[in-house]
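Reader: I've got a protein model open on my screen and no clue how to read it. Could you walk me through it?

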Amino acid sequence: MAEVAISFTVEKLGSMLVHKVAFLQGVAKEVKWLKEELQRMQCFLKDAEEKQGNDELIRKWISDIRDVAQDAEDVIETFILKVDAPRRRSRGLLETCACLPDHVYHLDMVGEEIESIRSRLKDISRGCDRYGIQSLGERTMTTMTSSEGVQWRSQLSHWQKDKDVVGLEADVESVLHNIVFTKRKGLVIGSIVGMGGIGKSTLARIVYNNDTVVNQFERRAWVCISSEFSPKEIIKEVVLQLLEPSEDKLKVLEIMERSPLEHLKSMVHERLQGKPYFIVLDDVWESAHWQSLASAFPNEEDKTSILLLTTRKLSVTKDDQIYAHKIKTLNRENSWELFLKKAFTGNDGQCPEELKATARDILQKCNGLPLAITVIGGLLKKHGKSKDEWNKVLKGMNSHLKTGESSVSHIMELSYHDLPPQLKSCFLCLGFFKEDATIRAEKLIQVWIAQGLIPPKGDKDETMEEIARDYLDELINRNMIQVKDTTKDDRVKNCLIHDFLHDLAITKAKEEIRLEILRDEGGGSQSSQKSRHRVIYCGTERPVFSSQKNNHIRSLFFHGHGNNIFGGSTVWKNFQLLRVLDFENASLEILPDAIGEIVGLRYLGLRNNDIKELPSSFSRLKNLQVLDISLNFSMEVPNIIWKMISLRHLYMSRITCQASPKVDYLKNLQTLTYIPTPRWTPEHTSRMTSLRKLGLELDEKSDIINLFDSLAMLANLLCLNLRWYGNHDISFEDGLRKLSYLTQLKLQGKMTELPTVGNFPPNLSHLSLNYTALDKDPMPVLEKLPKLVYLKLDGAFTGEEMTITRDGLPKLNVLSLRELIKLRNIRVGERGMSDLRRLEIHRCPHLDNLPRELEFMAQLGELKMVTTEEIVSKLRDKHSHIFSRIPSLHLVSVTLKD
């Protein structure tokens, strides 16, 4: 398929004609012709793709169209960058005049290149007659509208709490009986074995969350292994999941970054020693992988601990395992049940009579594989109840089966082909991420925007980020992406992609957008000069790539570690069209100054490294939209931020800077976290009309009154995070009430008392109090906040009793109580928290009683409590009548310290 490449180029050229018309003077007519001619060629593509089969000539014709479209994009973008650069540097008439010869030269060059592309397009056009390819009329290539996005958002409840698990009851019983309940002492090793897509991870997750497992094992952790095996990263993830609440996560991260593998293993060993534990190693590929990790897990003969592996190979743990459970495909009845859940969401799970025959034919070809059924169900759901459309899907499945593809592979392929072009482009970007990686939704969306895949504005003046959220939600609704967890306002926070779909994204990206994947052993050697996106898996021994020139690269993702990955600073001058550069978790200490030469860069990911200083050359990155330098502690940031005029999102952690960053110059900035208040001195805050989320670090010298006066001018500020350290406490007086637009507030640090009810933001709906250590019960104030729907108290209160009076917290949906060490009782008056949906109580070691008012909370659907085994037992006896009516109940016993 060339559809993705051409659709993207047509959109891009159209956008340039609107937004970059000043730069295209002299060639605008030629650019418009290019756009229209490529648009015309789109009408022939569908016929060509249906006829290509084994016809090598037609496949070559399609490939030629893709090449021309991508070359056209390169030509125009290169021209704009070259014309734009001197304009940005010019400061007066003399400098402007001096640039004119260069401008004329670039016009001549781009004119010649467009003429060459015009000639190639004419040859391609003649091929239509030669190969009998017909125009099938105008195809719908428009972007999805905001009204469609509203429909998607209204359908999200089914994936936010996905409980569509079918046919695993016997498997769960078998694994529990043969692995968990064996009463063997020492380390018990078991495995779940089966082909990809059969439900190994789903089964393991059910066992992992089983109440008996949760209560029996003091320590639990779940890590994904994947084929891209990195023992150090896996062990680091285990350590992070085993941290005590009192440990400083950021400090532990710093220690681990400097530690060799054996020391990391000892950190795991120490945290598990003397405690029964349950660890899942998900998706183990090779026996050698498992063996390299084994020494991290203690084997104590007086305790029962379990390692549960999922794998496609029975031989992976053959020398160690006690029991291997081989998972089978779903039978006909269970397959039909799962299919109905996935294909008819919102229609009471009923299949219309006229579709049943087609549905059963489709289902038969899924061979009982849950992943295949889930994805094909998502595809059919988008076609509604159209029998013609369902028959087309069946016909497509039959044609793929004739080529000898597996059922899973061809269903993945069909689902991909059914995506609109703009969603295809977004799906292909998933191939940039590591297999089995947890992908931050925010990052994925920002990469899409940086690549130019999201239209600038929707029908209702939505931001690009909001439109991109709609795209993400649609891929989730089609079961192409899985939700891992959500934010406090129920938006997707982190997501996953199944191995099969990840492989499909890589395969299609190599074909459609020239993705290239380089390994350490291939570094500095034969990379393609025509690749447009490159993923590099690097080690620490040598440079990953040389200074080989590539004028086409749009994105570079580095996975791995080592400061020797650059191969010399001159290499960066060869990537002028680069839009996305990601070094997250790469253990970098120094950045080459030459990165500042990549003037077309939109996204720069430097999160979680050890970089001490940001090069001053970064001031030239005028097109940069996202700069993520968070989790680089004590980084020196020169006075350059204000020059990055296109910044939309800026993430930082404990930075140092000699002067104010002048962030008020950044009128496009939407996210800014975290900036120390001594450096928050914007003279014209009102200019920051786009800022929606702000994180500030306060200290004892912070001028609270002036601070909130400036924040009050941020008319679109919705989310504010304030944090401070040490024993000094902060008083906000009446400052918060000035923030009339604010809906989300997080306060982190010691406080003597809360502001009064009237001094909170009037539209506040989400509030988190972290480590405020209040002596007085906060509820007399908080219960009167009229619009509060989410409340989290984490180490926020040091007293023994909290009281919510009659009709208090009337709108609250979620209450989360954590680390309230002295809390013994919660009183709730009549109709208090009457709309509560979810209650979470974590590590409150003396809270052994729940309010009886829970019995009358009709909306309460979920209760999760992590406490001691003694309290769990007591609560089960005392509140069984309450627990019996709560649909989702999790009582987890752990060892707690007072």
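Author: Sure, let's start with one polar contact. The term means a pair of N or O atoms within 3.5 Å; within protein, one must be able to donate a hydrogen and the other to accept it, and residues adjacent in sequence count only if both atoms are side-chain atoms. Here, the backbone oxygen of Cys426 lies 3.1 Å from a polar atom of the Trp448 side chain.

Reader: Before we go on, what sort of model is this?

Author: This is a predicted model, where local features need pLDDT of at least 70, side-chain atom pairs count only at pLDDT 80 or more, and totals for chains, interfaces and linings use all residues. Residues are numbered from 1 along each chain as its sequence is written, and side-chain values use heavy atoms, with hydrogens and water left out.

Reader: Okay, back to Trp448. Where is Trp448 found?

Author: Helices (H or I, at least four residues) and strands (E, at least two) are DSSP runs, numbered from the N terminus. Trp448 sits in helix H20, residues 441–450.

Reader: And is Trp448 buried or exposed?

Author: Buried means under 20% relative accessible area, exposed means over 50%, and partly exposed is in between (1.4 Å probe, protein chains only). Trp448 has 0% relative accessibility, so it counts as buried.

Reader: Which residues is Trp448 in contact with?

Author: Contact means heavy atoms within 4.5 Å. Leaving aside neighbours within four places in sequence, Trp448 is in contact with Cys426, Cys429, Leu453, Ile454, Ala468, Tyr471, Leu472 and Leu475. You can also check Met464: it is 16 residues from Trp448 in sequence, and the two are 9.7 Å apart in space, C-alpha to C-alpha.

Reader: Now strands. How do I tell which ones go together?

Author: Two strands pair if DSSP finds at least two bridges between them. Take strand E1 (residues 186–193): E1 and strand E4 (residues 304–311) pair in the parallel sense over 8 bridges, with Gly186 opposite Thr304 in E4. E1 also pairs in the parallel sense with strand E5 (residues 323–326), over 4 bridges, and there Ser191 has Ala324 as its bridge partner.

Reader: Why is E1 largely enclosed by the rest of the structure?

Author: Because 8 of the 8 residues of E1 are buried.

Reader: Which other strand could I look at?

Author: Try strand E25 (residues 838–842), which is mostly covered, with 5 of its 5 residues buried. Arg838, Glu840 and His842 point one way from E25, while Leu839 and Ile841 point the other way, and all are buried. E25 pairs in the parallel sense with strand E23 (residues 814–818) over 5 bridges, where Leu815 stands opposite Leu839. With strand E26 (residues 862–867), E25 also makes a parallel pairing over 5 bridges; there, Glu840 stands opposite Lys864.

Reader: Where can I see an antiparallel sheet?

Author: Look for the open sheet of 3 strands in the order E6-E8-E7, where the pairing is antiparallel. Strand E6 (439–440) and strand E7 (482–486) stand at the edges with a single partner strand each, so one side of each is left without a neighbour in the sheet. E7 is joined to strand E8 (residues 492–496) by 4 bridges, and Asp485 has Asn494 in E8 as its bridge partner.

Reader: Last topic: how many salt bridges does a search of the whole structure find?

Author: A salt bridge is a side-chain nitrogen of Lys or Arg within 4 Å of a carboxyl oxygen of Asp or Glu. The search finds 48 of them. One joins the side chains of Arg514 and Asp67 (2.2 Å, N to O). Arg514 lies in the loop between helix H22 (499–512) and strand E9 (515–518) and Asp67 in helix H3 (residues 56–89), so the pair ties together parts that are 447 residues apart in sequence. Both Arg514 and Asp67 are buried.

Reader: What about Arg579 and Glu77?

Author: Their side chains meet in a salt bridge too (3.6 Å, N to O). Arg579 lies in the loop between strand E11 (555–560) and strand E12 (580–582), and Glu77 in helix H3, so this pair ties together parts that are 502 residues apart in sequence. Both residues also belong to a network of salt bridges that links Glu73, Asp74, Glu77, Arg532, Arg554 and Arg579.
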